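This report goes through one protein model, from its overall build to single residues. Keep the sequence and the structure in view while reading.

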Amino acid sequence: MTRSDYLTRIRANVAHNVRHYRYQLGLSQSGLAERIGMTENRIYILEKPGKGGVPLDVLAAIAHELGIKVADLVAFREAVPAKHGQAGARFLNHQRELHRA
């Protein structure tokens, strides 16, 4: 796996996991953004794989508000809640392809 592929995979993991844990807490994008002092648009972009990197301090703030560890945000998740539907299935397929590379 190339460095670029690895970074793409981590960005996709972060995007999916932020959305997953945010849903678990019943938070909207604007609700999470308000709690960590960001704009709703920044959370929207963060939850879209491939839209750029996320500074560590932002990951730490998000993890703190979601009650999880930063490692949970970058971890690969096999299970996609039904709430994520087709987008979640596409994410998993993409992750599997990256993992095979």
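## Overall build

Which pattern does the protein chain follow when read along the sequence? The pattern is α-α-α-α-α-α. The model is a predicted one, and its secondary structure comes to six helices and zero strands.

The protein chain has 101 residues, and 34% of them count as buried. About 5,900 Å² of the chain is exposed, with carbon and sulfur atoms supplying 52% of that area. Among contacts with a separation of 6 or more, 65% are between residues 24 or more positions apart.

## The nonpolar core

In soluble globular proteins, nonpolar side chains tend to be buried together. Here the largest nonpolar core has 16 residues. Those that touch the most other members are V18, L32, L46, I62, L66, I68 and L73. Four elements give two or more residues to this core: α1, α2, α3 and α4. The biggest contribution comes from α4, which gives five residues.

Two of these core residues can be followed in detail. V18 lies in helix α1. Is V18 buried or exposed? V18 counts as buried because its relative accessibility is 0%, and the cut-off for buried is under 20%. Leaving aside neighbours within four places in sequence, V18 is in contact with L32, L46, E47, I62, L66 and L73. One of these partners, I62, is 44 residues from V18 along the chain, yet the two C-alpha atoms are separated by 7.8 Å. The other residue to follow is I68, which touches Y21, A63 and L73 when residues up to four places away in sequence are not counted.

## A network of salt bridges around E47

Side chains of opposite charge can pair when their charged atoms come close. How many salt bridges does the structure hold? The structure holds three salt bridges. R19, R22 and E47 are linked in a network of them.

In one of the bridges, the side chain of E47 meets that of R19, at 3.8 Å from N to O. This pair links distant parts of the chain, 28 residues apart: E47 is in the loop between α3 (40-46) and α4 (56-66), while R19 is in helix α1 (residues 3-24). Both E47 and R19 are buried.

E47 also meets R22 in a salt bridge, at 2.6 Å from N to O. Again distant parts of the chain are linked, with E47 in the loop between α3 and α4 and R22 in helix α1, 25 residues apart. The relative accessible area of E47 is 2%, so E47 is buried. R22 counts as buried too, because its relative accessibility is 5%. E47 has a further role in the contacts already described, as a residue that V18 touches.

## The salt bridge between R35 and E65

R35 forms a salt bridge with E65, and the closest N and O atoms are 3.8 Å apart. The two residues are 30 residues apart and link distant parts of the chain, R35 being in helix α2 (residues 29-36) and E65 in helix α4.

Why does R35 count as partly exposed? R35 counts as partly exposed because its relative accessibility is 47%, and the cut-off for exposed is over 50%. E65 is also partly exposed, with a relative accessible area of 26%.

What does E65 touch, not counting residues up to four places away in sequence? E65 touches L25, L32, R35 and I36. Of these, L32 is also among the core residues that touch the most other members. I36 is 29 residues from E65 in sequence, and the two are 7.3 Å apart in space, C-alpha to C-alpha.

## Aromatic rings

How many aromatic pairs does a search of the whole structure find? The search finds zero. An aromatic ring does take part in another kind of arrangement: the charged end of R9 sits over the ring of F76, 5.1 Å from the centre of that ring.

Definitions and conventions
Residues numbered from 1 in each chain as written. Predicted model: local features only at pLDDT ≥ 70, side-chain atom pairs only at ≥ 80, totals over all residues. Heavy atoms only, no water. Phe/Tyr/Trp six-rings, centres within 6.5 Å; stacked < 30°, edge-to-face > 60°. Lys NZ or Arg CZ within 6 Å of the ring centre and 35° of its normal. Buried < 20%, exposed > 50% of the residue type's maximum accessible area, 1.4 Å probe, protein only. Contact = heavy atoms within 4.5 Å. Areas by Shrake-Rupley, 256 points an atom, 1.4 Å probe, with all protein chains shown as cover. Salt bridge = Lys/Arg side-chain N within 4 Å of Asp/Glu carboxyl O. Core = buried A, V, L, I, M, F, W, Y, C linked by side-chain atoms within 4.5 Å.
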